[in-house]
Amino acid sequence: MSDVKKPGPAINNRPDGVIREQKPQDYYDGIKAKFAEERDLRFKYRPEGTAQYTSDTAAFAKYTVDPYAESLAENPRAPIDDTVEVLFIGGGFSALLTAARLRERGVQSIRIVERGADVGGTWYWNRYPGAACDVPSYDYLPLLDEMKYMPSHLYAKGPEIFAHCQNIAKKYDLYDLAVFRTTVTSTTWNAKEKLWHVGTDRGDTMRAKFVICANGTLSKPKLSKIAGMETFKGYAFHTSRWDYEFTGENLENLHDKVAGIIGTGASAVQAIPRLAKAAKELYVFQRTPSGIDFRNDRPTDPDWASSRRPGWQEARRMKAMRGREGDPEVKAELNALDRAEKIRRQENSNIEYMMRIHRRIEEVITDPKTAESLKPWYMFMCKRPCFDDEYLPAFNRPNVHLVDTHGKGICEITAQGPVFDGKTYPLDVLIYATGFEVQKTGIYNQITGAGGKEINETYADGIRTLLGVHTHGYPNLFIMGGYQASFQFNLTFMLQTQGDHIAECIAHTRNNGFDTIDVTPDTEEWWVQEVIAHRGKTNRNAECTPGYYNFEGEANRRQDGNYNGGFRQYFEHMTGIRGDLARHFHFTR
Ligand code: NDP
């Protein structure tokens, strides 16, 4: 039995906008100036923004091959030609948690179409060593109440989460109609039939009354465009296609290998401690360091688990949503301030947090030069915060070598390995931890609506949605995890909110004998303006160091990001809209 009585919060001491440790403003301004200097350095190296990455060229197709399934040639199947009521594009958490709600509302005919060979999405693909959630499992894993499941640890590991996905699919009978190893290539509205026609790379013609884009926000692996990378003679793969045949199930094949990893984002932070222990030598090629906070993982306390009452997860999530905003002392203090003062305080609080991250590095890392290299110089939340207790100590090992490219990155790879500052690093295996395309290649992909317009054409002057979910002229189509939705560090809570909303919209349409539901242009315009109003509140995107959070610094993204009005406000808007569907949507029979 664990001696810990309560699972703790995910993020310790996160900035709350109220400075606890007062220092002269010059101190904070000096650090902000250093942040700006580091950001400018990176913009100078990569003015091309997101174009620095590639995911589509034929030469790199090998990096996207599924290593967890047999080849397609061994798995032929006849094209499908049929009609279902609800079709999900993608079989990850978005689809699973929404499908559960649809089943609860009596929907029988549900199909998942998925590129992988099973459900799970992120947790199907990302099997790199150390993969685990970074949000407490009790909040992150969806449908815990419904599944009567309690995660084994505060931070469940990848295989446990993947199994949870499979169990959801089993419980809600989602395997029956599911189609795997299949990628949707076109989604076209047929006005006469009032059905979506869904084409795939397997020659299928599926029809569906409702389509839910559940492709995931970060589902397509990308590679940095590095000169000569195709000439590398060693073995190479991307973190999201981990090749256990090469590394061995427990990385045992790496004991005599020199390994390298490009990238130090959240995936690399989890993989590096395991690689460090397994490889003969490990070279970490760093462009920008991640901020590493405490993890403090621990097994779930059985007493705590058995004392949970039905509805506990929902109650916990709702409390988390209200919690921080609910501290009356903090709220009263903040409310009394003008906008500039609020921003100043929040920034200073963020800087305090980042300096605490720096102090931890100094305490853990024995070599002062390495410690300096590992310090992130950007504002809290400019990049995805990471939580790990083994990452920093890995750099104290004699077989681990940090190659700090100080913002420049690896720009050349030869047959032997990556080159930096005129030096070649010969490697046996090179792992790309270079991340994923953000939304653009997955979700908004060849969707042709009622007016015959492909959705990207409709969005030519900027994304247009209600809540990030509905777009006028695309009846019975719902988008999950897309632009103009709110941001939540616990992504599955955001997705569940959308899933509940979508299930309710579909139920209302069915139960009232309607064929279609389409957002009105006025309601859509109201939301676009809400998004624009909130995005203009701070210069945060422009001031942050480049990364996928700010489209690598690309300009002109006025309405093409998250809704920044806060998750609680998003949730309340959504609830309000559901309270009066007839005012916000046009229904036809
Ligand atoms: P990221 O996009 O976060 O990281 C990519 C990394 O590659 C960055 O460190 C980037 O540097 C680096 N890079 C790119 N090109 C080069 C180059 N030429 N030379 C050197 N370095 C380079 O990808 P991840 O897969 O790590 O994470 C993506 C997201 O997936 C996370 O932010 C998170 O949302 C999610 N995730 C969640 C996890 C969880 O919940 N446990 C675990 C893993 C991922 P730079 O910073 O300078 O751009």
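Biologist: Which residue stands opposite Leu 282 in E14?

Modeller: In this predicted model, Leu 282 stands opposite Val 400 in E14. The two strands, E11 and E14 (residues 400-404), pair in the parallel sense over 5 bridges.

Biologist: And which residue of E10 stands opposite Leu 282?

Modeller: That residue is Ala 259. Strand E10 (residues 258-262) pairs with E11 in the parallel sense, also over 5 bridges.

Biologist: How does the chain cross from E10 to E11?

Modeller: The path runs through helix H8 (residues 266-278), and the resulting β-α-β crossover is right-handed.

Biologist: How many residues of E11 are buried?

Modeller: Strand E11 (residues 281-286) is mostly covered, with 5 of its 6 residues buried.

Biologist: Changing topic to cysteines. How many disulfides are there?

Modeller: The count comes to 1 disulfide. Cys 382 and Cys 544 form it, with their sulfur atoms 1.9 Å apart.

Biologist: Where in the chain do Cys 382 and Cys 544 lie?

Modeller: Cys 382 is in the loop between helix H13 (368-373) and strand E13 (386-387), while Cys 544 is in the loop between helix H18 (540-543) and helix H19 (567-579). The pair is 162 residues apart and links distant parts of the chain.

Biologist: Is that disulfide left-handed or right-handed?

Modeller: The torsion about the S-S bond of Cys 382 and Cys 544 is about -75 degrees, so the disulfide is left-handed. Both cysteines are buried.

Biologist: Why is there no bond between Cys 165 and Cys 133?

Modeller: Cys 133 holds the closest cysteine sulfur to that of Cys 165, but the distance is 11 Å, which is too far for a bond. Cys 165 is buried, with a relative accessible area of 0%.

Biologist: What about Cys 505, which cysteine sulfur is closest?

Modeller: The closest one is in Cys 213, and at 15 Å from the sulfur of Cys 505 it is too far for a bond. Cys 505 counts as buried because its relative accessibility is 0%.

Biologist: Back to Cys 165. Which other residues of H6 are buried?

Modeller: Besides Cys 165, the buried residues of H6 are Gly 158, Glu 160, Ile 161, Phe 162, His 164, Gln 166, Ile 168 and Ala 169. What covers the buried residues of H6 includes helix H2 (93-104), helix H3 (122-125), helix H4 (137-140) and helix H5 (144-147).

Biologist: What span should H6 have, and how far apart are its ends?

Modeller: At 1.5 Å a residue, the 14 residues of H6 (residues 158-171) should span 20 Å, and this agrees with the end C-alpha atoms, which are 20 Å apart. The helix is followed by Asp 173, whose phi is positive, near 55 degrees.

Biologist: Now the interior. Which residues have the most contacts inside the largest nonpolar core?

Modeller: They are Phe 88 and Tyr 570, in a core of 117 residues. Beyond its neighbours within four places in sequence, Phe 88 is in contact with residues including Ala 95, Leu 102, Ile 110, Val 113 and Ile 212. A second, separate core has 25 residues, among them Val 179, Trp 196, Val 211 and Ile 447.

Biologist: One last residue, Ile 479. Buried or exposed?

Modeller: Ile 479 is buried, with a relative accessible area of 0%. This residue lies in strand E21 (residues 477-479).

Biologist: What does Ile 479 touch?

Modeller: Not counting residues up to four places away in sequence, Ile 479 touches Cys 213, Ile 443, Tyr 444, Ile 455, Tyr 459, Gly 468, Val 469 and Gln 498.

Terms used: Residues are numbered from 1 along each chain as its sequence is written. This is a predicted model: local features need pLDDT of at least 70, side-chain atom pairs count only at pLDDT 80 or more; totals for chains, interfaces and linings use all residues. Side-chain values use heavy atoms; hydrogens and water are left out. Helices (H or I, at least four residues) and strands (E, at least two) are DSSP runs, numbered from the N terminus. The expected span of a helix is 1.5 Å times one less than its number of residues. Buried means under 20% relative accessible area, exposed over 50%, partly exposed in between (1.4 Å probe, protein chains only). Contact means heavy atoms within 4.5 Å. Two strands pair if DSSP finds at least two bridges between them. A crossover is right-handed if, with the strands pointing away from the viewer, the path from the first strand over the helix to the second runs clockwise. A disulfide is a pair of cysteine sulfur atoms within 2.5 Å. A nonpolar core is a set of buried Ala, Val, Leu, Ile, Met, Phe, Trp, Tyr and Cys residues joined through side-chain atoms within 4.5 Å.
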